[in-house]
Amino acid sequence: MDGMQTMERTEVVIDGVSLLLAQEQDLDDLIQRFEAAANGPARFVEFVVVGNRRMRVLITPGARIMISTTSVPYDPRDTGDESAPWGGMFDLETGVL
């Protein structure tokens, strides 16, 4: 598959629920916000997932968070622009739109 365009896809798993981050999310900033929320009283952390949809997740000191990144085929719709959402309803079980 020479010449196939790819992009990085970051998966965040919070207490067993998988969420795929939209492109242009600042992963280092998100990690810092997760750490701050986990070290104090519970608080919501906001970020944008695939489909350009805003998520607000309540992070508590007991939250378990895992982050992984992989290369996937390029998707020009995945811009992180909340004013241009795409896909259907978000499925919390699968993390897919």
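Strands β3 (residues 43–49) and β4 (residues 53–59) are a good place to start in this predicted model: the two pair in the antiparallel sense, over 7 bridges. Together β3 and β4 form a hairpin with 3 residues between them, and G51 in the turn has a positive phi of about 100°. Across the pairing, F47 stands opposite M55 in β4.

The hairpin also carries a charged contact. E46 forms a salt bridge with R56, with 3.0 Å between the closest N and O atoms. This pair joins strand β3, where E46 sits, to strand β4, home of R56, across 10 residues of sequence. E46 counts as partly exposed because its relative accessibility is 33%, while R56, at 52%, counts as exposed. Both residues belong to a network of salt bridges that links E46, R54, R56 and E82.

Now let's step back to the whole chain. The protein has 1 helix and 5 strands, and along the sequence they follow the pattern β-β-α-β-β-β. Of its 97 residues, 32% count as buried. The accessible surface comes to about 6,100 Å², and 51% of that belongs to carbon and sulfur atoms. If you take the contacts between residues at least 6 apart in sequence, 57% of them join residues at least 24 apart.

One of the buried residues is L21, which lies in the loop between β2 (17–20) and α1 (27–38). L21 counts as buried because its relative accessibility is 3%, and the cut-off for buried is under 20%. What is L21 in contact with, leaving aside its neighbours within four places in sequence? The partners are R9, T10, V12, L27, L30, F47, V48, V49, V50 and D78. F47 is thus a link back to the hairpin, as the residue opposite M55. R9 is 12 residues away from L21 in sequence, and the C-alpha atoms of the two are 6.9 Å apart.

Two of those partners of L21, R9 and D78, also meet each other: their side chains form a salt bridge at 2.5 Å, N to O. The pair links distant parts of the chain, with R9 in strand β1 (residues 6–14) and D78 in the segment after β5 (65–73), 69 residues apart. Both R9 and D78 are buried.

A further salt bridge joins the side chains of R77 and D75, at 2.9 Å from N to O. Here R77 counts as partly exposed because its relative accessibility is 45%, whereas D75, at 15%, counts as buried. In total, the structure has 6 salt bridges.

Key:
Residues are numbered from 1 along each chain as its sequence is written. This is a predicted model: local features need pLDDT of at least 70, side-chain atom pairs count only at pLDDT 80 or more; totals for chains, interfaces and linings use all residues. Side-chain values use heavy atoms; hydrogens and water are left out. Two strands pair if DSSP finds at least two bridges between them. Helices (H or I, at least four residues) and strands (E, at least two) are DSSP runs, numbered from the N terminus. Buried means under 20% relative accessible area, exposed over 50%, partly exposed in between (1.4 Å probe, protein chains only). Contact means heavy atoms within 4.5 Å. Accessible areas come from the Shrake-Rupley method with a 1.4 Å probe; for residues, only the protein chains shown count as cover. A salt bridge is a side-chain nitrogen of Lys or Arg within 4 Å of a carboxyl oxygen of Asp or Glu.
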